Amino acid sequence: MTTARPAVPSVGLASTLAVHGGTPVSASPVPFMLPKLAEADIAAATAVLHSGMLRAAKKCEELETRIAQLSGAKHAMTCANGTCALQLAYEPLFQPGDDILVPAWSYIATAAMLVARGCNPIFVDANPQTGQIDMADAARRITPKTRGIAATHMYGCPVDIDAVQSLASAKGLKVVYDAAQAHLSTWHGKGIGQFGDAVTYSFYATKNLATGEGGMTTCNDDALARQIRLLRSHGETNKYLHEQVGYNYRMNDIAGAIGCSRLDRLPAETDARRAAAKRYEQIIASTPAIARSLRALSITPGAVSAYHLFTIKLDLSTLTVSRDEFAKALLAEGVPNAVHYPRSLPQQPAFAKHLGNQKPWPVAEDFALSVLSLPMHHGLTDAHFGVVAEALAKVCTAYAR
Ligand SMILES: Cc1ncc(COP(=O)(O)O)c(C=O)c1O
């Protein structure tokens, strides 16, 4: 990685860009994420392999206890992945035919598992500043059949939990928070496990706490926790005694061990993500060429984000190119990036027949054309920030309208 940075070119010619044959800001790309395991994680997984106890056992239980404690939840149940975690939360709380408010701006699983439950997803537009579910829009979309809210803490940032809970109490709605991206985020200084009827997590390979595949549902109600545990494991109450129909959505102890080992480092790694986000915000604010053409998404007031992603929004009216061309140029300069997401959920073919006469989602559709995620992880160095700053300035300048 280059450390000494030349001055940002003052002449904004597109021909200076690496994507058009110019010299890249950095020949070696900034790592987009840092999924590498530590030796301790490998040792923890190996110890489980040596034990021969591969099923969900002590390590999954330890992960449950620790995440419950860290997030302020009473009960935590590991499961196979974040999609199963949503299903385990939705099935006891929502009934087939219920209308459930869900963000138009989220990963597909949040809404897809509502459809799997036989519920009608009522898509709610995004808040233009934060990208989180817009609770004023949610209130406007309530129907006589609305029974719940499934809200995603997008990019690691909690939604306006006070607004969600107050709409829920006014209308008698159940609430599930999808925290697949938001481990260790907080709301007014409190762990997010304290709010709503259930909270779900993913431990997928790229998540802040990654076990490969894995997930968790937390809740504060004893009866609900029992139901989730039953659903997770074929309704089994005693060996081969099945009280109800359920699934096999169990995690395994290799994943549990990796999760526990990584959890030792997660608070420090999350702090490093927060510091990285601050650096990015400073870079944007202090570089007029960048600030003119893009902004970081805002954090919900009262929330502290876990910064699963650092997502910017381009002001396309200031640029001569589309987001996708901007992204390609940034990559060529040595800054890998990704689009989360290229379509809003109502724009997904999978939901075409579930939209009925729902009103449009202009904010989410605008986000689909203009958001871009920059490298975000605990290992970003001064040199990396230097490359990103220079590359952003170079691309913004070259493509300025
Ligand atoms: C917001 C959100 N919800 C749910 C999921 C599903 O998690 P998993 O991939 O573990 O099934 C993800 C994973 O990408 C996610 O980002």
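A residue is counted here as buried if 20 or more other C-beta atoms lie within 10 Å of its own. By this criterion strand β9, which comprises residues 215-219, is mostly covered in the predicted model, since five of its five residues are buried. The covering extends to both faces of β9, with Gly215, Thr217 and Cys219 on one side and Met216 and Thr218 on the other, all of them buried.

The surroundings of β9 in the sheet can be described from its two partners. Strand β1, residues 75-79, is joined to β9 by five bridges, and the two strands run antiparallel; within this pairing, Ala76 has Thr218 of β9 as its bridge partner. Strand β8, residues 198-202, likewise pairs with β9 in the antiparallel sense over five bridges, and here Ala198 is matched with Cys219 of β9. Helix α7, formed by residues 222-232, lies across β1, β8 and β9 and runs at about 10° to β1.

These strands belong to an open sheet of seven strands, arranged in the order β1-β9-β8-β5-β4-β2-β3 and with mixed pairing. The edges are formed by β1 and by β3 (120-124), each of which pairs on one side only. From one strand to the next, the twist averages 20°. Towards the β3 edge, strand β2, residues 99-103, pairs with β3 in the parallel sense over five bridges, and Asp99 has Asn120 of β3 as its bridge partner. Helix α6, residues 161-171, packs on the sheet by touching β4 (146-152) and β5 (174-178), and its direction makes about 170° with that of β4.

At the level of the whole protein, the model contains 12 helices and 15 strands. For 401 residues, a compact globule would be expected to have a radius of gyration near 21 Å, and the value of 22 Å computed for the protein agrees with this expectation. The C-alpha trace spans about 75 × 55 × 35 Å along its principal axes, and 49% of the 401 residues count as buried. Of the contacts between residues at least 6 apart in sequence, 72% join residues that are at least 24 apart.

The ligand is surrounded by 14 residues, of which Asn81, Gly82, Thr83, Ala180 and Ser202 come nearest. Helices α3 (82-93) and α4 (108-116) each supply at least two residues of this shell. In composition, the shell divides into four nonpolar residues, nine polar residues and one charged residue.

Several residues in loops were examined individually. Ile299 lies in the loop between β12 (294-296) and β13 (303-304). Because 20 other C-beta atoms lie within 10 Å, Ile299 is classed as buried, a count that falls at the cut-off of 20 or more. When residues up to four places away in sequence are not counted, Ile299 touches Thr130, Cys157 and Ser305. Between the C-alpha atoms of Ile299 and Ala80, which stand 219 residues apart along the chain, the separation is 30 Å.

Backbone geometry was considered next. Most residues other than glycine have a negative phi, and most peptide bonds are trans. Against this background, Tyr155, in the loop between β4 and α6, has a positive phi, near 65°. Tyr155 counts as buried because 24 C-beta neighbours are found inside 10 Å. A positive phi, near 45°, is also computed for Tyr307, a residue of the loop between β13 and β14 (310-314). With 27 C-beta neighbours inside 10 Å, Tyr307 therefore counts as buried. A further tyrosine, Tyr341, is found in the loop between α10 (323-332) and α11 (362-370), where the peptide bond joining His340 and Tyr341 is cis, with omega at about 15°.

Technical notes: Residues are numbered from 1 along each chain as its sequence is written. This is a predicted model: local features need pLDDT of at least 70, side-chain atom pairs count only at pLDDT 80 or more; totals for chains, interfaces and linings use all residues. A residue is near a molecule or strand if its C-beta atom, placed from the backbone, lies within 6 Å of it. Helices (H or I, at least four residues) and strands (E, at least two) are DSSP runs, numbered from the N terminus. Ala, Val, Leu, Ile, Met, Phe, Trp, Tyr, Cys and Pro count as nonpolar, Asp, Glu, Lys and Arg as charged, and the others, Gly among them, as polar. The radius of gyration is taken over C-alpha atoms; the globule rule is 2.2 Å times the number of residues to the power 0.38. A residue is buried if 20 or more other C-beta atoms lie within 10 Å of its own, exposed if 12 or fewer, and partly exposed in between; C-beta atoms are placed from the backbone. Two residues are in contact if their C-beta atoms, placed from the backbone, lie within 7 Å. Two strands pair if DSSP finds at least two bridges between them. Axes are lines fitted to C-alpha atoms, for helices over the stretch in contact, and angles run from 0 to 180 degrees between N-to-C directions.
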